[in-house]
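This briefing goes through one protein structure by topic. Please keep the sequence and the model open while reading.

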Amino acid sequence: QVQLVESGGGLVQAGGSLRLSCAYSGSIFSINAMGWYRQAPGKQRELVAVITTGGSTNYADSVKGRFTISKDNAKNTVYLQMNSLKPEDTAVYYCNAHLLVLGRYEYDYWGQGTQVTVSS
């Protein structure tokens with residue numbers, strides 16, 4: 001199992017910045033990717049950004065050029081730097097750990113979520 005603890009959400013004006021952190025612990029050797037997802041009211045949860053253990057990254061088109069995902073292996077922490085925030089970025093942001101066990105079993109673990117609110 002993997003435990004995820006998020007922090008860093010809050011209220012910010014449009015154009016501002018926030019940095020989310022996700023500290024992970026437990027069976028971290030099985031993690032093959034970490035990601036950030038978000039869910040706005042009345043909408044489905046969507047992928048924001050993902051980073052693999054090899055350091056490859058991928059972003060939703062809506063955040064490319066504004067958000068950056070990174071990780072600090074020494075601190076077992078993943079970050080999401082969010083710049084040029086827009087009101088449409090308002091959502092609950094969730095940290096995700098994707099595990100691959102024995103090369104065939106896949107598991108997903110989620111953090112508790114952190115609210116990001118961008119005012120216009």
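Asn-76 sits in the loop between strand 7 and strand 8. This is a predicted model, and in it the phi of Asn-76 is near 50 degrees, a positive value in a residue other than glycine. The points below start from that loop and move on to the sheet, the salt bridges and the largest pocket.

**The hairpin and its turn**

- Strand 7 and strand 8 make a hairpin, with 4 residues between the two strands.
- Asn-76 belongs to the turn of this hairpin, and its relative accessibility of 24% puts it in the partly exposed class, because that class begins where buried, under 20%, ends.
- Most residues other than glycine have a negative phi.
- The two hairpin strands run antiparallel and are joined by 6 bridges.
- Thr-68 has Gln-81 of strand 8 as its bridge partner.

**The sheet**

- An open sheet is built from 4 strands in the order 1-3-8-7, with antiparallel pairing.
- Its edges are strand 1, residues 2-7, and strand 7, residues 67-72, each of which pairs on one side only.
- From one strand to the next, the twist averages 20 degrees.
- Strand 1 pairs with strand 3, which covers residues 18-26, in the antiparallel sense over 6 bridges.
- Within the sheet, Glu-6 is placed opposite Cys-22 of strand 3.

**The loop between strand 8 and strand 9**

- Strand 8 covers residues 77-82 and strand 9 covers residues 91-101; the loop between them holds Ser-84.
- Ser-84 is not a glycine, yet its phi is positive, at about 50 degrees.
- With a relative accessible area of 40%, Ser-84 is partly exposed.
- Ser-84 and Ala-14 are 70 residues apart along the chain, while their C-alpha atoms are separated by 6.9 Å.
- Asp-89 lies in this loop as well, and it counts as buried at 1% relative accessibility.

**Salt bridges**

- How many salt bridges does a search of the whole structure find? The search finds 4.
- Side chains of opposite charge can pair when their charged atoms come close.
- Asp-89 and Arg-66 meet through their side chains in a salt bridge, at 2.7 Å from N to O.
- What does this pair tie together? Arg-66 is in the loop between strand 6 (57-59) and strand 7, and Asp-89 is in the loop between strand 8 and strand 9, so the salt bridge ties together parts that are 23 residues apart in sequence.
- Arg-66, like Asp-89, counts as buried: the relative accessibility is 10% for Arg-66 and 1% for Asp-89.
- Arg-38 and Glu-46 form another salt bridge, in which the closest N and O atoms are 2.7 Å apart.
- The Arg-38 end of that bridge is buried, with 6% relative accessibility, whereas Glu-46 is partly exposed, with a relative accessible area of 36%.
- A network of salt bridges links Arg-38, Glu-46, Arg-66 and Asp-89.
- Asp-61 and Lys-64 also form a salt bridge, their closest N and O atoms being 3.1 Å apart.
- Asp-61 is exposed, at a relative accessible area of 65%.
- Lys-64 has a relative accessible area of 49%, which leaves it partly exposed because the exposed class needs over 50%.

**The largest pocket**

- The volume of the largest pocket is about 170 Å³.
- What kinds of residue line the largest pocket? Its lining divides into 2 nonpolar, 3 polar and 7 charged residues.
- The lining includes Arg-38, Glu-46, Arg-66 and Asp-89, the residues linked in the salt-bridge network.
- Also among the lining residues are Lys-43, Lys-86 and Glu-88.
- Other lining residues include Ala-40, Gln-44, Ser-62, Thr-90 and Ala-91.

Terms used. Residues numbered from 1 in each chain as written. Predicted model: local features only at pLDDT ≥ 70, side-chain atom pairs only at ≥ 80, totals over all residues. Heavy atoms only, no water. Pairing = 2+ DSSP bridges. Axes fitted to C-alpha atoms, helices over the stretch in contact; angles between N-to-C directions. 1 Å grid on protein atoms, 1.4 Å probe; cavity = no way out; pocket = protein on both sides within 12 Å on 5 of 7 lines; lining within 4 Å. Points joined across faces, edges and corners; volume = space filled by probe spheres on them. Nonpolar A, V, L, I, M, F, W, Y, C, P; charged D, E, K, R; others polar. Buried < 20%, exposed > 50% of the residue type's maximum accessible area, 1.4 Å probe, protein only.
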